[in-house]
Amino acid sequence: MSPIAYTATIIAVAVVLFVWNRFPVVLVAMGVALALWATGVLTLGQSLGGFGDPAVIFIASLFVVSSGLEVTGVTAWAGQLLIRGAGEESRTRLLLLTMLLVSLLTALISVNGAVAALLPVVVVIAVRLKRNSSQLLMPLVFAAHAGSMLALTGTPVNVLVSEAASDAGVGAFGFFEFALVGVPLLAGTMAIIVLFGRQLLPERNGATMPADFSRHAKTLVEQYGLADGIYQMRIRATSLYVGLAASAIRLADYRGLQLVAVQDGQTAGPIRRPLMAEGDYLLLRGDAETAASLAATMHLAFREQAKPGQGEETLFNRHSGLAEVVIPPRSGLIGHKVFPSMVTDSGDLIILAVQRGGAEIAVASASGDAGGIALQAGDTMLLQGTWKALDIHLDDPDVLVVSSPELVRRQAVPMGPGARQAIVILFVMVILLATGIVPPAVAGLLAAAAIILSGIMNVEQSYRAISWTTVILVGAMMPLSTAMMETGAAKLMAEYLVYMVGDAGPMALLAGLFLLTAIMGQLISNTATALIVIPIGVAAATTMGISPRPVLMSTAVAAAGAFLTPIATPTNLMVMGPGGYAFSDYWKLGLPLLIWFFVVSVFIVPLIWRF
């Protein structure tokens, strides 16, 4: 068999296996790369070269940046804005706002960056509104494809066609000139998805969907009876507590009022200094009137951002959080005595309450003076401390954490610590991508490094943030583009098509080039497809005596219509797992969109850029 025949066979087998969906897509993709080497179509270096491709590195770095935005609560903030703007009941408004946001972001930072940034936001929205993620994630990606035609920076293909137009002597396309065709593409895409998306998309979720932690704090304080009895009071400069040790606080005259902890005014964690100072906080539990009396006598102020009696806001905010832990069998803590308001051995966490069998143990019998509570297997404790302390000290085999503080913070704390740094890093990355000062892979790596160096995430967290399935899939499938070009298979197909339609007029040429570009773009990189089709389209336009500009713009539109398969683009693969999509789900919604792109490419483009 010839190299072209081997390549065609490998593509056919891969497509069948992807559609069959009986084997993990990663194994199929790796099989493609190995088959290209085993048949001699490519060398081993070429077959595995996709894993070192700058595009793959860029995608991996974007996962780190996206996770940094999520960890700091930027994505939670964006999700709240989307829900607030769309409302919890309006599917249409939610879809329109989501698609509009991703399309505008795509125009600035490319399809991969926009989808990677908004993917966790949309998943959280799906969980919070109890909607199927499959109804939201594919619209997100397909709107991003349409949005890539709004500006020069939307996709590498736009840059390629602009450079080709300049080389052909007809002038490069302007930065926003793509929007002349991008706006109709986006409008039609949004209309098709809103009108027919519900019927054409499956009703399912990914195999692993995150829990909804938006009301986590309220649930915990209510379960442990703290909703109306926790107060955080700031020590004023005139307070008698300034300069005293925490042990000097006496509440005997304030019946029913209990000191839970003294918190450092700077860190929000338990105070480590020997003496209290202005700005430190007293965390108290008890009756509201008694707490108010103490505040008046001792010159204390209720913390400004938390109203008296709102326990969840007092205990759970951008600085500190709550965590529920269970004492497992054979834990080293069994038999240890604890009591509410006790500070843990680390000095960073406060025990707010202890429950046994789902019921809180009476405070009176659980106090330090009474000896405390001897822990038993199955007891639960509610802990409070800074987010950093919760992350560090709950990684302990002696306790089981009910809900990871990191996951809770990502969803429930908008614009938390590090949010400003994360936004600045994203903004700088957008500037680098928009101006082209450095290659996209370099911009992504610099942003990922900044996320780590700023302390938003550590190296281990960055490793976990990367979707290695997506990275391996993209890297393993990239050599297929190389094989198509190395063997001459792609060029042979393109030349034959031009020969078939070349004499039928410019409209037929646009239609033929669109079909070729769209079909190849479902199997290989749309950038590689454009590199193959662009020179042939320019040559055909010159032969027919027409302007290359409409031919090039039509090619760009066709390359953006990568809707029919999950392997068409990395972003299609990104949502496959979280959306619970099968291989066959893509073409059902993708085909109507591709037809609209065909209409724009063949009939609207020539009205804007004349032959």
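**Reading a predicted model: a tutorial**

Biologist: I have the structure open at arginine 330. Is this residue buried or exposed?

Modeller: Arginine 330 is exposed, because its relative accessible area is 78% and the exposed class starts over 50%. Please keep in mind that this is a predicted model.

Biologist: Thanks! Where does arginine 330 sit along the chain?

Modeller: You will find arginine 330 in the loop between β5 (320-326) and β6 (337-338). Its backbone deserves a look too: arginine 330 is not a glycine, yet its phi is positive, at about 65°.

Biologist: Which other residue has a positive phi although it is not a glycine?

Modeller: Histidine 299 is one of them, with a phi of about 60°. Histidine 299 lies in the loop between α11 (288-298) and β4. With 36% relative accessibility, histidine 299 is classed as partly exposed.

Biologist: β4 brings me to the sheets. How should I read one, and in what order do the strands of the sheet with β4 come?

Modeller: The general idea is that strands of a sheet pair through backbone hydrogen bonds, either parallel or antiparallel. Here, four strands make up an open sheet, ordered β2-β3-β1-β4, with antiparallel pairing. At the edges are β2 (258-263) and β4 (300-302), each of which pairs on one side only. From one strand to the next, the twist averages 35°.

Biologist: How many bridges join β1 to β4?

Modeller: Three bridges link β1 (residues 230-235) with β4, and the two strands run antiparallel. To find your way, look for methionine 233, which stands opposite phenylalanine 302 in β4.

Biologist: I also see a sheet with β7 in it. What is its strand order?

Modeller: That one is an open sheet of five strands in the order β8-β7-β10-β5-β11, and its pairing is antiparallel. Its edge strands are β8 and β11 (400-401), each pairing on one side only.

Biologist: How many residues of β7 are buried?

Modeller: Seven of the eight residues of β7 (residues 349-356) are buried, so the strand is largely enclosed by the rest of the structure. The cut-off for buried is under 20% relative accessible area.

Biologist: And how many bridges does β7 make to β10 and how many to β8?

Modeller: β7 is joined to β10 (residues 380-386) by six bridges, running antiparallel. To β8 (residues 359-360), β7 has two bridges, and this pair is antiparallel as well. Glutamine 355 is a handy marker: its bridge partner in β10 is threonine 380, and its partner in β8 is glutamate 360. Elsewhere in β7, leucine 349 stands opposite glycine 385 in β10.

Biologist: What lies between β7 and β8?

Modeller: The two strands form a hairpin with two residues between them. In the turn, glycine 357 has a positive phi of about 65°.

Biologist: Now for side chains. What does the side chain of asparagine 458 reach?

Modeller: It helps to ask which atom meets which, and at what distance. The side chain of asparagine 458 reaches the backbone nitrogen of glutamine 461 at 2.7 Å. Asparagine 458 is located in the loop between α16 (440-453) and α17 (459-465), and its relative accessible area of 39% makes it partly exposed.

Biologist: Serine 47 caught my eye too. Is it buried or exposed?

Modeller: Serine 47 counts as buried, at 1% relative accessibility. This residue belongs to helix α3 (residues 44-47). A polar atom of the serine 47 side chain lies 3.3 Å from the backbone nitrogen of tryptophan 37.

Biologist: Last topic: empty space inside. How many cavities of 30 Å³ or more are there?

Modeller: The idea is simple: rolling a probe the size of a water molecule over the atoms shows where empty space is left. In this model the count is one cavity of 30 Å³ or more. The largest cavity has a volume of about 30 Å³.

Biologist: Which residues line the largest cavity?

Modeller: Its lining is made of Leu62, Val65, Ser66, Leu69, Gly113, Ala116, Ala117, Leu426 and Met429. Two or more of the lining residues come from each of α4 (54-71), α6 (91-128) and α15 (419-435). α4 gives the most, with four residues.

Biologist: And how do the lining residues divide by polarity?

Modeller: Seven are nonpolar, two are polar and none is charged.

Technical notes: Residues numbered from 1 in each chain as written. Predicted model: local features only at pLDDT ≥ 70, side-chain atom pairs only at ≥ 80, totals over all residues. Heavy atoms only, no water. 1 Å grid on protein atoms, 1.4 Å probe; cavity = no way out; pocket = protein on both sides within 12 Å on 5 of 7 lines; lining within 4 Å. Points joined across faces, edges and corners; volume = space filled by probe spheres on them. Nonpolar A, V, L, I, M, F, W, Y, C, P; charged D, E, K, R; others polar. Buried < 20%, exposed > 50% of the residue type's maximum accessible area, 1.4 Å probe, protein only. Polar contact = N/O pair within 3.5 Å; in protein donor to acceptor, adjacent residues only side chain to side chain. Pairing = 2+ DSSP bridges. Axes fitted to C-alpha atoms, helices over the stretch in contact; angles between N-to-C directions.
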